[in-house]
Amino acid sequence: MRVLVAPDKLRGTATARQAAAALAAGVADAGGIADACPLSDGGEGFLDALGGGTTVTRATDPLGRAIDVPWRLDGNTGVIETALASGLALLDRPGPAEAEAASSAGSGEVIAAALRAGARRILVGVGGSAFSDGGRGALAALADLTPFPPDVRVIVACDVRTPYLDAARVYGPQKGADPPAVERLTRALADYATQLQTRYGRDVRQVAGAGAAGGLAGALYAAGATLPSGFGIVAELVGLRERVAAADLVLTAEGRLDATSLSGKVVGGVLELAAAAGRPVAVIAGSVAPGLAVADATIVDLSAQFGAETAWSRTADCLRSAAREHVTAARG
């Protein structure tokens, strides 16, 4: 049995690559042949899904501290993950002060490094950011490199379709912003949207997805970038459609399966491709929202099967066991 294992990350417990390795091991235990394909929707794991880093740039984290940021240069294509330069995971217990101070400058510094290294197609995965500055810091770091030259394509892989002016209201609280901070950040976004339109002639307030990564997606759009689906970009580059068609069974995974998983995210995209190809598919999740049903797919809830503590502390073992059991049952 040929089994495609195509997971997203399980945030806090396993990267997509670690999850894919664990699932593949379970497939092998059951006598199957695994095709491991870690995925991302543009958020954390974007760089890893597209081959990992090949170079490192010294940049600044969301609070201005120096860090080394890996990114990929493959020919004239640069691959950059915002979370690695400006991610929430880089901060310890951020509060309102950090939420307002956090900057996208580091992401801009890495994009600038890619441009100066000769990249003419730059893929920017956004998601997991710590800032709500609307991309102000990133464009300041890019300085005279914007608007992007006509021979440069900057493609922002978006994992959400949030409007620019909603970035702070929707994501600010999870970045430490309290209600007063959210209101101040929202006013700043409105002010910066006007500045962007004046400078670049593009109205970010009218573009779906411009609020991704605290508005960084909108700022890059204003400077000439495009904002396609992050999952769609990754799926195309890794040949996911063809790999699904070549499989007898598809396994995907993520940390929390809920209604949002089915729209624009990895699990939803894998389910659509499997359905189109007529392939059976199972979703293995760390936990599952109560009452959630997914048509034409098997759902495996690791917390329900192994207990929440074990699912959290021994995620790889649980993934391997769940994959082994499912493939064994599928083989009859």
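## Ser-40 and its surroundings

Leaving aside residues up to four places away in sequence, Ser-40 touches Asp-8, Gly-45, Phe-46, Ala-49, Gly-230, Phe-231, Val-234 and Val-266. Please keep in mind as you look around that this is a predicted model. Ser-40 sits in the loop between strand S2 (33-36) and helix H2. Is Ser-40 buried or exposed? Its relative accessibility is 0%, so Ser-40 counts as buried, the cut-off for that being under 20%.

The side chain of Ser-40 also has polar partners in the backbone. One is the oxygen of Gly-43, reached at 3.4 Å, and another is the nitrogen of Phe-46, reached at 3.5 Å.

## Helix H10

Three of the residues that Ser-40 touches, Gly-230, Phe-231 and Val-234, bring us to helix H10, which spans residues 230-237. Which residues of H10 are buried? They are Gly-230, Phe-231, Ile-233, Val-234 and Ala-235. Their cover includes helix H2 (46-49), strand S7 (153-157), helix H11 (240-245) and helix H12 (266-277).

Both ends of H10 reward a closer look. At its start, a side-chain oxygen of Ser-229 comes to within 3.4 Å of the backbone nitrogen of Phe-231. Just after the helix, Gly-239 adopts a positive phi of about 65°.

## The five-stranded sheet

Strand S7, part of the cover over H10, also belongs to an open sheet of five strands, ordered S3-S4-S5-S6-S7 with mixed pairing. The edges are formed by strand S3 (55-60) and S7, each of which pairs on one side only. On average, neighbouring strands of the sheet are turned by 25° against each other, direction ignored.

Within the sheet, strand S5 (residues 77-81) and strand S6 (residues 121-125) run parallel and are joined by five bridges. Here Thr-77 stands opposite Arg-121 in S6. Helix H5 (residues 105-116) packs on the sheet, where it touches S3, strand S4 (66-74), S5 and S6. The direction of H5 makes about 140° with that of S3.

## The largest pocket

What is the volume of the largest pocket? It comes to about 1,200 Å³. The lining consists of 48 residues, and those closest to the pocket centre are Asp-8, Lys-9, Arg-11, Glu-44 and Gly-128. Asp-8 is a familiar name here, as it is also one of the residues touched by Ser-40.

Several elements give two or more residues to this lining: helix H3 (82-86), helix H7 (167-171), strand S8 (249-257), strand S9 (281-288) and helix H14 (308-313).

How values were computed: Residues are numbered from 1 along each chain as its sequence is written. This is a predicted model: local features need pLDDT of at least 70, side-chain atom pairs count only at pLDDT 80 or more; totals for chains, interfaces and linings use all residues. Side-chain values use heavy atoms; hydrogens and water are left out. Buried means under 20% relative accessible area, exposed over 50%, partly exposed in between (1.4 Å probe, protein chains only). Helices (H or I, at least four residues) and strands (E, at least two) are DSSP runs, numbered from the N terminus. Contact means heavy atoms within 4.5 Å. A polar contact is a pair of N or O atoms within 3.5 Å; within protein, one must be able to donate a hydrogen and the other to accept it, and residues adjacent in sequence count only if both atoms are side-chain atoms. Two strands pair if DSSP finds at least two bridges between them. Axes are lines fitted to C-alpha atoms, for helices over the stretch in contact, and angles run from 0 to 180 degrees between N-to-C directions. On a 1 Å grid over the protein atoms alone, a cavity is a set of points where a 1.4 Å probe fits but cannot get out, and a pocket is an open set with protein on both sides within 12 Å along at least five of seven lines; lining residues have an atom within 4 Å of a point. Grid points are joined across faces, edges and corners, and a volume is the space filled by probe spheres set on the points.
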